[in-house]
Amino acid sequence: MNVLILTLLSCCFCLPTISFSNAFTIPPTTTTISTLHHRTTVTSHGARLLATANDNDDSSSSSKERKPWDIIRFVSQSSKFITPPSLPFIGGSKESTRRKVGPGETLWTPSSSQNFFNFAPLDDVVMGGASSSTVDNNTGTWKGIVTDANNGGFVGIRSTPFLEQPENKKLVLDMTNCKGVELRLRKGDGCRYKFVVRDSTEFNGICWASEFDVGVSSGSSISGKKTTTIRIPFDKQRPTLFGNVVNEKTFDDENVAGFQFAYSKFEYDGKLNEKFRLGDFVLQILEIRTY
């Protein structure tokens, strides 16, 4: 029945082949043989569940709580990051505009008319989880609740496709003159997050990930007004795919096409995030700029 539903949805929404666990290490599911990292793939022919074995079985790290899968939220979230195909008969173009940016340029601030992208949630509902987050692009506030029900345990926000205005044309950034990205943040409550840079418009392209800690570990900091500045150097990023580090990859700083924030139970290669906790979280993004 689930396969039938996803088949119908993929046809109605014209979803390409996508696997939703990229940028996050998917929590292990309990098994008597080994720990499995699950990722769901949706194609025009339906859905299939792919599994990669991990010999380190740690059933204690995963909740056995089960909640109904919110398939409507799954479709709503995933569809926001897919650029519609160009239609030649109405003058569409597959070509992207490349904008050269230098150090000190602002790429995003809340409610700015100069923004060429916004953020939208991409939570563990995309692999069957029950965590949920929202982002307010007018204030930069990202908040929600993380649960490991259904073997989940992550939330995220991802930039919508870059678009050059007023032509509404696809855009990529040439950041060869920049050393990295600087984040100005508030709140965070002492937790460890990830920032991801994408050098491809592929839904499941390589994620260039960096982890960072923000805020202080006290109950009052969640509503505090202290601002934290985090620098993400390009030469320290880790190339990852489905939460696992991959080797022999080169960051294409001439083709930056997306950004993400993630808050996950896992860091890389199945290692637990020591500064993660289930329940409420909040992080406010005040500015993303180059340096």
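**Exercise 1.** Is Glu248 buried or exposed?

*Solution.* Keep in mind that you're looking at a predicted model. Start by finding the residue: Glu248 sits in the loop between S17 and strand S18 (258-264). Next, check its relative accessibility, which is 82%. The cut-off for exposed is over 50%, so Glu248 counts as exposed.

**Exercise 2.** Work out what is unusual about the backbone at Glu248 and at Asp269.

*Solution.* Begin with the general rule: most residues other than glycine have a negative phi. Now look at Glu248, where phi is positive, near 60 degrees. Then move on to Asp269, a non-glycine residue whose phi is also positive, near 55 degrees. Asp269 lies in a loop too, the one between S18 and strand S19 (279-290). As for accessibility, Asp269 comes in at 46%, so it counts as partly exposed.

**Exercise 3.** Find which parts of the chain the Glu182–Arg231 salt bridge links.

*Solution.* First, the contact itself: the side chains of Glu182 and Arg231 form a salt bridge, at 2.8 Å from N to O. Now place each partner. Glu182 belongs to strand S12 (residues 180-187) and Arg231 to strand S15 (residues 227-233), so the pair, 49 residues apart, links distant parts of the chain given how the strands are assigned. Last, look at the surroundings of the acid: Glu182 has a relative accessible area of 18% and is buried, the limit being under 20%.

**Exercise 4.** Trace how S14 and S16 are connected, by backbone pairing and by side chains.

*Solution.* Take the sheet first. Seven strands make an open, antiparallel sheet, in the order S6-S9-S18-S13-S14-S16-S17. Its edges are strand S6 (119-121) and strand S17 (244-245), each of which pairs on one side only. Zoom in on S14 and S16: they run antiparallel and are joined by three bridges. Ala209 stands opposite Arg238 of S16.

Now for the side chains. Arg238 makes a salt bridge with Glu211, 3.5 Å from N to O. Glu211 is in strand S14 (residues 207-214) and Arg238 in strand S16 (residues 238-241), with their positions 27 residues apart in numbering. Both partners are partly exposed: Glu211 at 31% and Arg238 at 35%.

**Exercise 5.** How many salt bridges does the structure hold?

*Solution.* There are 14. One of them joins Asp70 and Arg73, with the closest N and O atoms 3.6 Å apart; Asp70 is partly exposed at 33%. For something more elaborate, look at Arg192, Asp213, Glu267 and Lys275, which are linked in a salt-bridge network.

Methods: Residues are numbered from 1 along each chain as its sequence is written. This is a predicted model: local features need pLDDT of at least 70, side-chain atom pairs count only at pLDDT 80 or more; totals for chains, interfaces and linings use all residues. Side-chain values use heavy atoms; hydrogens and water are left out. A salt bridge is a side-chain nitrogen of Lys or Arg within 4 Å of a carboxyl oxygen of Asp or Glu. Buried means under 20% relative accessible area, exposed over 50%, partly exposed in between (1.4 Å probe, protein chains only). Helices (H or I, at least four residues) and strands (E, at least two) are DSSP runs, numbered from the N terminus. Two strands pair if DSSP finds at least two bridges between them.
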